[in-house]
Amino acid sequence: MLGLMQDQPLLISSLIEFAAQHHGNAEIVSRRVEGDLHRTTYREAAARARQVANALDGLDLAFSDRVATLAWNGYRHFELYFGVSGSGRVLHTLNPRLAPDQVVWIVNHAEDRVLCFDMTFLPLIKAIWQKCPTVKHWVALCDATALPADTGVEGLVSYEAWIAPHSTAYAWPQFDEKSAASLCYTSGTTGNPKGALYSHRSTVLHAYGGALPDSLGLSARDSILPVVPMFHVNAWGLPYGAAMTGAKLVFPGAALDGKSVYELIEAEGVTMAAGVPTVWLGLLNHMAPAGLRFSTLNRTVIGGSACPPAMISAFKDQYGVTVLHAWGMTEMSPLGTVCTLKLPQQALPPEQQMAVLVKQGRAVYGVEMKIVDPDGHELPWDGQASGDLYVKGPWIISGYFKGEGGNPLVDGWFPTGDVATIDADGFMQITDRSKDVIKSGGEWISSIDIENIAMAHPAVAMAACIGVRHPKWDERPLLVVVRKPGAEVTREALLAFYDGKVAKWQVPDDVAFVDAIPLGATGKMQKMKLREQFKDHRLPTA
Ligand code: AMP
């Protein structure tokens with residue numbers, strides 16, 4: 001017997017219509033690439049998303065055709081999120097920080113038909129448009145007046161001129177909720193990037209999951225600042241979650257430095273902000289010397305790479321801001337776990353709470369997890385046994401776009417490539433990315449543990465730990481460090497800082513001081529590049 005509930009597909013268009021109807025006056029504030037602040041509401045954004053849908057219907061596009069964006073976080077990008085997917089096309093968010101050749105490769109692989117870009121990327125578009133034969137329509141996200149007379153790109157139109165003639169009324173099509181909605185390529189540190197193709201159903205369920213109180217706890221009382229780009233796994237789903245809950249949205253545009261982010265937080269009463277650890281380093285480094293405080297911010301979601309405990313303490317002890325340490329992947333839409341305390345843990349002394357809060361956290365309902373040994377046997381949830389982390393659930397990929405890389409699943413589970421422990425309360429902790437683990441004489445050293453300790457040293461701005469060849473031990477840890485401006489610390493002092501914090505054999509063999517650690521297109525440390533740079537480094541112990 002089937003239940004007698006209405007068979008209503010979960011479609012992305014319903015999110016923006018809900019926001020327009022129930023939170024029509026809630027604001028969407030954007031710092032534009034032009035430099036000024038732009039203000040709109042969900043009511044207007046929905047009207048303009050309908051104009052986008054009408055404009056797309058006017059082009060020769062089929063259902064599921066890809067419409068690409070190359071854009072910062074802003075209201076026009078937000079309108080495209082809903083206009084493109086809502087009308088049955090696939091929103092393909094391109095990462096502008098990739099090398100031009102990689103962008104070309106991805107556009108061609110995705111067979112994008114339309115490409116909408118921020119004016120800051122006009123030079124890039126000029127360089128690549130002739131290499132992208134599938135793209136028939138180029139749209140610059142600006143007013144017609146901002147478009148130079150001769151752009152050098154055939155048929156280029158401004159977004160405003162393109163949507164202006166179209167009606168703000170539109171009957172969103174109803175279709176199978178399993179239809180493709182958006183596409184995001186993995187960073188592809190090994191081999192070519194692969195596409196994660198999200199569906200309407202997965203996106204709406206992920207938005208529900210992300211909004212839960214023990215996830216990101218989104219509400220109509222929030223003012224949300226996604227510093228994480230809308231081209232990095234859909235800004236972790238925040239645009240959808242904000243529309244679902246009616247939260248105010250604040251978009252930072254291209255200004256992601258500490259000063260700009262701080263000023264936006266204060267000016268727009270931001271209560272929650274989200275981004276990778278490197279973004280928050282910039283913010284804290286801007287605030288500390290000037291003795292600045294937050295007046296409204298109560299939590300930050302930090303994920304994408306391990307959040308150093310020193311950062312969690314700095315936010316909590318110095319600014320009264322709770323860090324929600326979160327873990328996920330492009331292949332997981334991306335939310336997997338978020339770290340929030342349970343009732344009994346709230347009664348624990350602060351240092352014991354901190355030991356929990358540094359973990360990547362508990363699974364959001366909708367994500368199943370297990371850890372397995374190299375033979376695939378499940379390991380216990382005792383907080384000690386560490387193994388390969390596998391996941392499954394309705395917002396985790398079943399395969400890559402166009403079947404690239406074959407079937408990624410093992411018995412229906414997706415192997416994340418992360419190594420983790422899970423404790424009896426279900427708190428998962430990543431010990432490492434499997435390829436970053438340092439294998440020293442058969443024992444594993446967690447590069448994250450070693451980095452976290454270095455990051456707690458007052459002279460260290462950024463630290464990465466990598467394995468370097470060693471004749472006896474196979475690999476030994478090398479600590480690569482960027483010092484804070486004006487700060488002094490010696491190799492010996494840094495190594496002594498490890499005394500009593502880790503076992504002696506886990507202490508790095510050497511320290512290399514550098515001016516900068518290479519960051520990838522999503523702001524993560526590129527350890528592959530570091531390993532290449534230091535592949536001939538001679539350890540004093542070798
Ligand atoms: P991406 O798909 O580019 O977002 O990368 C996903 C990978 O980033 C994961 O498999 C992890 O290795 C890493 N990652 C994401 N969040 C965290 C976190 N909170 N702590 C440690 N690693 C993380």
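The following dialogue concerns the ligand site and the cysteines of a predicted model.

Guide: In this predicted model, local features need pLDDT of at least 70 and side-chain atom pairs count only at pLDDT 80 or more, while totals for chains, interfaces and linings use all residues. Residues are numbered from 1 along each chain as its sequence is written, and side-chain values use heavy atoms, with hydrogens and water left out.

Visitor: What makes the pair formed by aspartate 418 and the ligand a polar contact?

Guide: A polar contact is a pair of N or O atoms within 3.5 Å; within protein, one must be able to donate a hydrogen and the other to accept it, and residues adjacent in sequence count only if both atoms are side-chain atoms. An N or O atom in the side chain of aspartate 418 lies 2.6 Å from an oxygen atom of the ligand, so the pair meets the 3.5 Å limit. A polar backbone atom of alanine 326 is 2.7 Å from a nitrogen atom of the ligand, and a polar side-chain atom of histidine 325 is 3.1 Å from a ligand nitrogen atom.

Visitor: How do you know that cysteine 116 is in no disulfide?

Guide: A disulfide is a pair of cysteine sulfur atoms within 2.5 Å. For cysteine 116 the nearest cysteine sulfur, that of cysteine 142, is 11 Å away, so the definition is not met. The structure holds zero disulfides.

Visitor: Why is cysteine 116 called buried?

Guide: Buried means under 20% relative accessible area, exposed over 50%, and partly exposed in between, using a 1.4 Å probe and protein chains only. Cysteine 116 has a relative accessible area of 0%, and is therefore buried.
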